[in-house]
Amino acid sequence: MNKTAISLLSLISIFFSIICSSLFADKSDDTLVIAFKREITNLDYHYGTKTEYLILADMIDDSLFYVENDNLSYVPSLASDYKVVNDVTLDVNLKKGVKFHDGAEMTADDVVYTYNFIIKNDKNRRHTKLASWLKNIEKTGPYSVRFNLKEPYANLYNDLYRIKIRKNGIMGTEGNWDDNAQANSLIGVGPYKVVSFDPGVEVVLERNEEYFDGPKGKPAIKNMIVRSIPDMGTQQAELMSGGIHWMYNVKKDVGESMAKNDRINYQLGPSLRIGFLVLDAAGFTGDGHPITDVRVRRALNHAINRESIAKNLIGGPANVVHTACNPVVFGCFQDVTKYEYNPEKAIALLTEAGYPSGFELELWSYRDKEAAQAIVSDLGKVGIKVNLKHGKLAGLNKARKERKIRAYFGTWGSSASPDTATISNIHWRDPSKGDRNLSGDPKVNELMIGAERTLNIDERKKLYAEGLKLIADQAYWVPLWSYSEGVLSSQDIVFNQDADGYPRVWGISWR
Amino acid sequence: MILKTFIKRLVPRVLEDDISLLSPKTVVLRKAISHSGFKFGLLLFISIILLGILGPFFLDISPYQQDLDKRLLPPVWIEGGSWDHLLGTDGNGRDYLSRILSGTRISLTIGIGAALVGMVIGVTLGVIAGYFGGWIDQFVNYILTCQLALPGLLLAMTLVFLIGPSIPVVIIVIGCLHWTLFLVVTRSVTKRIAKLDFVSASNAIGATKLQIIIQDILPGIINQIIVIFTLEVGVAILAEASLSFLGVGIQPPTPSWGLLIAEGKEAIFFQPWLIVLPGIALFLLVVSINMLGDGLRDIMDPKSKLE
Amino acid sequence: MSYSLIINNLEISVKSLIGYKKIVSDFNLTLHPGRKLGIVGESGSGKTLSMLALNRLLPSQIEVTGGSIFFNNKNLNNMEKKEFYREFSGKKISMIFQEPMTALNPVYTIGKQLRQAFLIHNKGISKKLSEERARSMLDAVKLNRIEERMRQYPHQLSGGQRQRVLIALALINEPEILIADEPTTALDVTVQKEILELINELCLNFKMSLIFISHDLGVISKVSDEIIVMKDGKIIEEGLTKKILKSPKKDYTLGLLKCLWKLEKGNPSLYTDKEVPFIEVKNINKEYQLPNRLFSKRKKLSAVEDVSFSVFKGESVAIVGESGSGKTTIAKIINGLEYPDSGEILINNCPINKIDLFERARLIQPIFQDPYSTLNPNHTIGYVISRPLIIQKRFSSKEIYHNAIKMLKLVELPATFFYRFPNQLSGGQRQRVSIARALILEPQLLICDEPTSALDVTIQDQILDLLENLKKKLSITIIIISHDISVVKYLSKRILVIKDGKIVESGFTKEVLENPQSSYTKELLSSVFRIFPPKRNFIN
Amino acid sequence: MVVIAVALTLSFITFFLLNVAIDPAQAVAGEEAEALEIEQVRQQYGFDRPILIRYFEWFKAVLTGDLGISYYWNKPVGSLLLERAPETITLALMSVMVTIFIAIPLGICAAINPNSVIDRMCLGVAVSFQAIPNFWLGLVMIIIFSVTFPIFPVSGDKTYFHFILPSIVLGASSVPPVMRLMRTGLLDVMEADYIRTARSNGFFGWKLILNHAMRNALLPVVSVLAVQLGHKFGGSVITESVFSINGLGRLALESILGADIPTVQILVFVFAFTFLILNLLADILNAYLDPRLR
């Protein structure tokens, strides 16, 4: 009985495998396949914060503003033009004739509905945060709206970029919001329409032929499939065997080796992401640790051979960073104290601080394991015995919240937001509101967060300059390097990398 | 050949007719000598240990010493390799031979440590359940079912996640997940021994339960335990590799083999030695331990005859 | 065709580390059609191996290294494996074995096993015909309710029934020779008799010749015309059964017979003390719970039901019954190794559960049946013997050593055994060691649970003598548990016959044996094959 | 009864561990959330109440058929399970078939020629399979059979064809125990008295093994296969992520890393339950094979 069952099953499986021999998509049927490492589980960007979600949202959705690729500034997208009335009032006029995927025209009603949904959906806190600055929104005409802000907010356009416009009524009505309305199928205004969605597996997209003439431009490729492949090795194998055309987040070594294959292109471009060590200068983990001494923190800055790591491990345009922000973004003042690589000086500083033979330090990290080990090795050379705790982000978050972290190796990507506000907002908050500000210096908080409370560009620049100077002087961080973004693609396609490293995949075209 | 004659000297030659009169230890020793799988496993195991322990003393390169200008050098037999780094370097420019050699110690520490933890748990529960029986046995059985039903790797991940990864944590967590075999075998052997007349005899001469367990039961199960122990060492080493692969194992830069394999993973297409070399080391160690275990099982098994 | 089977100079060896070691040599045998041959010998004498060799069933390390086996002028030794199995196994020569409990495949029905055995030599027979054949065979071995038996699994049958099935299995292809290897040893005496009668009858009906292997001359004498006596792999005597039983030529055969005669005679000199009740057993009951099965409820088995008796100081009392009658459970309860569900046991008027462990150890000691499991294989003999003293913690190590050596002497073992391990000892020596261990605390009561049943006759005899001597020397009380009436007769003054956990008869041994009251005792006695010594006394 | 008790205990242990290990509020709020926001989430989801109370509430909901809503996937856990289960079931069944196809013939081969070259080779295969880490084998298989010789697709789970490589990789890991058991089981059985009876009746060679030895030798193998299958339902994390099969293993992995307590909870419950049910089935199958167990 056993035997027959087994042979029957095997016959069935062979049968199926013959019928469903796999189909590879390519240029001939105008279908592009790209791979993400992370899983897409929800199409609605408002419910996911990861970069992958943003990329997908930029394909399906559109918002009032957009980050322009060339000089990294916010430009109107669904908005035709806008006017800053005063510090807390913004008038926006909408483009006419923009159509949702179902054919309906987008009007001021849709915009008002979307923003009201965002700020009034109390059930979802993560949600309301997207526009925490917004007092209310008024419809001032069929194609114009007015935003009334609670207080001046500098990073306003970033949020206007991030909030995707939803069709009036599609997410339910006030008090009866439906969070999952657009999770599995989405009606947006973006360059691509959703054909099908298999959560965690793939999203199949088709070009929106009615797409308006916006800053994203009209997409060149008709069909696009976004696949989730969690293992990078598997992604490489897929690319080599032609199963996918495009993958990103590829490290230098892998990318360069892959590029030896004629059919594969490797591009290593700039990225907004920077790396840094956050040090517990305030002594949250307990008083008296060497790291609370500014000389020790400066020694740390001197001890790490950032240039070598940036050049050898990260490569491409990656470079040493001296500030707590990426030099290319708005407000990132560069004329601060710079600590060059100088182990002797580091040892001298340590000796001066009373630690001639170094000390032990627990360093947490969660990303870039190679660089973390390189840092450990460099610090070891000046006598700082580092005990590396490389783990998952959730573990680090928890430990940091419990004030158990003395130093950690963090990175910040700013996902396509070219403004110091994005990184400083989260890292220099008041310690009672966030656990990443370990400086213990209220002045830093005052300057860096204060810069968000004004719309005056010069004023903002001045505040950031002061703040960044203070951070560098006191060596609250060890700013490390900017990252680069590696993209592997098939020779069949043309993909242009942008200055912010944000992959605008809707711009891909066949070669 | 020299080894062979040496070993033969160790064992007194016994006339053919006296085989049944040998003491148990001599019988085991003679079986060991005649068991080729066991000998091979032992030889391999000892050489790996020697390499792992003595190797680092002969290398003047520390496994932690990095040189970012000499990253990803291939081994000496591949074009571009140099004699400075026999097995090439890794992504941080550290000497790979040195890392693999010092990885031996770490992998073995974890393997043996975890198997010890598992043994203590499994044997204790097994002896208690097997000897006392009744509701205690039922309770142990319940714990066993719980453990078996639990997806081990997931629990290990959660646990390491919870406590934070370090060598002792990994050892304890892996050990806590690999005691079932000890328990099952110990329990059944204990049950069998507890029924034998000599246990009743010990009972009748007034021996306490503890005395019976220690003097009568434990010596009877020790053979089986040794065998399972060796097998579990192999399992634990692989479990550590899996944990490291998932990113919750040994902490870098400590060079455990599992971690080396995990780190070399992305380079598998282009710098395959990064994953193949520690893979071979892991494979050899596990094979040698398994052969050792299998050999021990044959040797310790009273049923198996002298061949 | 005058001879059906001739074996010439058969030699069997075991492979070992150094080379081959002969275990059977110069084995010659000639079997006439229709004759019945008995092979007798103690364990390890090579009687079974020779027959396994004939049937190509030797274990893997043991090989035939010389000689020839001719069956109707065909040399079976040189024959191709295929031809042998096709032409001979089960077809010309069949074999039945000692252990009916394990000799049937547990996972197939009786009917299927019979049918398959028939089909292997009769290809293309329809299912109906083969079933018919199976039924007729079950009928031939006198099993009742044949239809039901066909559908049953081995574990649902009793030992005797299984042995009948095995005989049916062996005979289903009407072989010319049946080899029976101790077919009754594992059975209870009452069943033993029936099976022997059946074999005798079937040999006549099927016109088979029979080779019957046994260690028991009594059994052999019932079934064989001729006897071969084997010792240490060699035939030492052969001849007609009647002749050998009357006037054996070799000392060894005589020795075998003497043991039987001695037991038959019984022991006239039973030592008795004043009648002080030393141990009283009052209305004890014990139930066991059978382990759970998947689709059935828990079952209870009543092992001892309302048993009461008492034993007087210096007396020896025997508890007799078949396997499963509950006699061992009683022994364990008296020894404190099990607890009764109800009832009580008084020793010197003191309830046994009130006596502390050490005290009890000095009062009662057990001796067990199986010499191979009674000693911890990991301890030296010296440690085994001295351990009771070590546990009592009242003696110096010197005292302990001297005592242990003394004990070795007492049980007639050399002092050099002190450092040996149990696996280096023979069964009889081990049993002596276990007696030494029991006696070192100088207990007042020995409980011997089948002390000799796992031993060869000659060894059995020595151990019984030893016990007898010790009893005289140390004046201890003995409770002896046995299924063997002759052992009981030799060693005990009083007897309790037990069946299904109940005492069915009790009284003085002599009286009970000569004039049994209950039908069960009568049955027990009638199924013992006695060999009476010749009138002229060989022993003094 | 025991099944339910075990599953409950396990779910509680997991619940407890997860809640101690990771701050669920932080997990829900996201990695970039503010402290205030996390506090709000904590109150909104009731994470500030004692663990025991939360566990009982969870349990009560499960009893009424409400498996909860995943924080991480923003979906009812029940529908997540239904979405992911088919892939894992296919993978588990196919890999067990691989195990059976490799291990049982090897075991038989080794057992009928004990201590021969074949036996040693079979053991060698078993030891090798035991010593190769799963992920290693997976990546090597991809290199050989998908990149160098593009026979099989690299990853995905669309057709049965996609499952062939992963099931070989996953199945290989259970070959050693099953093979060993088959071998020792058959060797033990071949020494049993009833085999001697069968041989004396004229059975030999394959007929002897198939008609008399196989069924007895399979008894322990059935139990071990059940255990292996049970573990495959829950333990294919690595294989699923290497071959990017969207099954329960990957769901479990993502959920653990995402601190998605409701999902992990139910998953552990389901894994444990499946395991126990499979064992029960194995017992029943064994009882079918062996009348003594009925």
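Across the interface of domain 1 and domain 2 of chain D, the rule finds zero salt bridges (a side-chain nitrogen of Lys or Arg within 4 Å of a carboxyl oxygen of Asp or Glu). Polar contacts between these two domains also number zero residue pairs, with both residues at pLDDT 80 or more; such a contact is a pair of N or O atoms within 3.5 Å, where within protein one must be able to donate a hydrogen and the other to accept it, and residues adjacent in sequence count only if both atoms are side-chain atoms. This is a predicted model, in which local features need pLDDT of at least 70, side-chain atom pairs count only at pLDDT 80 or more, and totals for chains, interfaces and linings use all residues. Residues are numbered from 1 along each chain as its sequence is written, chains are lettered from A in the order in which they are written, and side-chain values use heavy atoms, leaving out hydrogens and water.

**The two domains**
- Chain D divides into domain 1 (2-63) and domain 2 (79-293), with bounds from an automatic or database domain assignment.
- Their C-alpha centres lie 34 Å apart.
- The contact (heavy atoms within 4.5 Å) takes 17 residues from domain 1 of chain D and 12 residues from domain 2 of chain D.

**Buried area**
- Together the two domains of chain D bury about 1,300 Å², 84% of it on carbon and sulfur atoms; this is the accessible area (1.4 Å probe) lost on being put together, summed over both parts.
- D:V3, D:L18 and D:W58 supply 38% of the area that domain 1 buries against domain 2, more than any other three residues.
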